[in-house]
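User: I want to learn how structural labels are justified. Can we go through some for this one?

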Amino acid sequence: MSPLTGKHERRLDQDLAGLPQSIEPRRDLWPGIAARLESGRVRPARRWAWQAAAAVLLVASSSIVTLQLVKSRVPAVADAPASAPVPSAMPAAFGPGHALDPEYLAAKEQLAEMLAQRVDAMPASARSKLAANLAELQRATAEINAALALQPGDPLLEELLLNAYQAELGVMANVNQLTRLNGTVNQTDSARIRL
Amino acid sequence: MQGSKTAFEELYREHVGRVYGLCLRMTSDHALAEDLTQETFVQAWRNLPRFEARSSFGTWLHRIAVNTVLGQARRRSELLGDTGTIEQQLGDVLADEAAGEPGSTRDLEAAIAGLPPGARYVLVLAGVYGYSHEETSAMLGVAVGTCKAQLHRARKLLRQRLGEPQEQP
């Protein structure tokens with residue numbers, strides 16, 4: 001690529017990235033959407049997410065037990081690179097003035113502590129991915145909590161928040177399980193720490 | 001239920017521009033983009049319990065929008081055969097949309113709208129909305145290599161249409 005062509009390439013990329021990402025439709029589309037939601041063919045958000053949360057908690061708790069059993073047999077990883085900062089677990093609350101179950105919080109805290117111990121054993125790329133995933137979850141949770149502050153008790157927002165908590169537990173449990181056998185995460189396993 | 005809809009309408013108001021922008025750039029058709037935007041939000045409502053916050057809500061909506069656009073394109077292709085010519089005939093739609101913008105923006109929107117669908121989809125997702133090759137390929141259901149090749153093709157076609165110097169072989 002010639003210097004001139006390279007310059008044009010970069011300008012094209014800048015022009016593309018500079019285009020407005022948001023274009024407002026020429027009419028309000030919400031009435032049509034609301035009508036379809038009212039038609040009854042579309043089901044609303046449901047409360048069963050509490051049951052799913054309990055299931056995730058069970059999986060997470062069992063991984064804690066497994067890890068505690070094998071912990072004493074897992075050798076420390078030599079020459080592990082210094083860890084990139086990984087966000088700690090987000091404080092779990094269910095909107096202003098509400099708190100999650102103490103057992104849930106305790107299990108979550110244990111998972112977070114274990115994650116902090118294990119993070120040094122992860123390849124730098126996996127640590128970076130993990131940090132990005134947890135940061136994204138925390139950002140989403142903050143957004144939902146802010147919306148809940150405006151509309152306390154809204155079932156849709158509560159369900160979204162619960163999903164975020166589940167996702168965080170899932171990420172932490174996943175990482176902990178991947179490190180349980182030999183205290184490290186290989187490149188194949190690190191790819192399983194999915195976004 | 002009503003409270004949920006109120007909250008969902010707030011989400012709609014916040015995200016509709018980015019969803020509609022994506023649909024419009026992928027289809028080059030205002031009326032179709034409006035239909036697909038509505039369908040995207042209806043699908044989002046249906047699938048809200050599956051939203052796991054592994055990505056932002058906006059990215060999740062974009063994934064649904066891309067699926068909706070691709071599904072519609074497949075159905076239209078089955079009905080009408082190859083729609084490449086039709087797509088190119090619609091190439092001035094976004095130029096009209098950008099009529100109040102500076103000349104370069106207007107030209108660029110028109111050039112994007114005139115791209116063949118495959119190249120346009122990749123360029124819009126990766127070039128305009130900043131998704132990585134991996135994210136773009138996952139959204140479109142193609143290999144990363146295909147995504148890179150389509151982006152290279154799209155940029156080459158864009159430079160041709162914008163009258164810029166071409167890469168030497």
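**Labels and the values behind them**

Analyst: Yes. One caution: this is a predicted model. In chain A, buried residues make up 31% of the 195 residues.

User: What does the secondary structure of chain A come to?

Analyst: Seven helices and zero strands. From the N terminus on, the elements run α-α-α-α-α-α-α.

User: Why is B:Glu39 called buried?

Analyst: The cut-off is 20 or more other C-beta atoms within 10 Å. B:Glu39 has 21, so B:Glu39 is buried.

User: Where does B:Glu39 lie, and which other residues of that helix are buried?

Analyst: B:Glu39 lies in helix H2 of chain B. The buried residues of H2(B) also include B:His30, B:Leu36, B:Phe41 and B:Trp45.

User: How do you know that the span of helix H2 of chain B agrees with its number of residues?

Analyst: Helix H2 covers residues 30-47, which is 18 residues. At 1.5 Å a residue, they should span 26 Å. The end C-alpha atoms are 25 Å apart, which agrees.

User: What makes H7(B) and H8(B) oblique to each other?

Analyst: Their axes come within 9 Å and cross at roughly 135°. Roughly perpendicular ends at 115 degrees, and roughly antiparallel needs over 145. The angle falls between those limits, so the two helices are oblique. H7(B) passes H8(B) in a right-handed crossing.

User: Which residues make that contact?

Analyst: B:Tyr121, B:Val122, B:Leu125 and B:Ala126 come from H7(B). B:His133, B:Thr136, B:Met139 and B:Leu140 come from H8(B). By class, the contact has six nonpolar, two polar and no charged residues.

Notes. Residues numbered from 1 in each chain as written. Chains lettered and ligands numbered in written order. Predicted model: local features only at pLDDT ≥ 70, side-chain atom pairs only at ≥ 80, totals over all residues. Helix = DSSP H or I, 4+ residues; strand = E, 2+ residues; numbered from the N terminus. Expected span 1.5 Å × (residues − 1). Buried ≥ 20, exposed ≤ 12 C-beta atoms within 10 Å, placed from the backbone. Axes fitted to C-alpha atoms, helices over the stretch in contact; angles between N-to-C directions. Left-handed = near helix turned anticlockwise from the far one by under 90°. Contact = placed C-beta atoms within 7 Å. Nonpolar A, V, L, I, M, F, W, Y, C, P; charged D, E, K, R; others polar.
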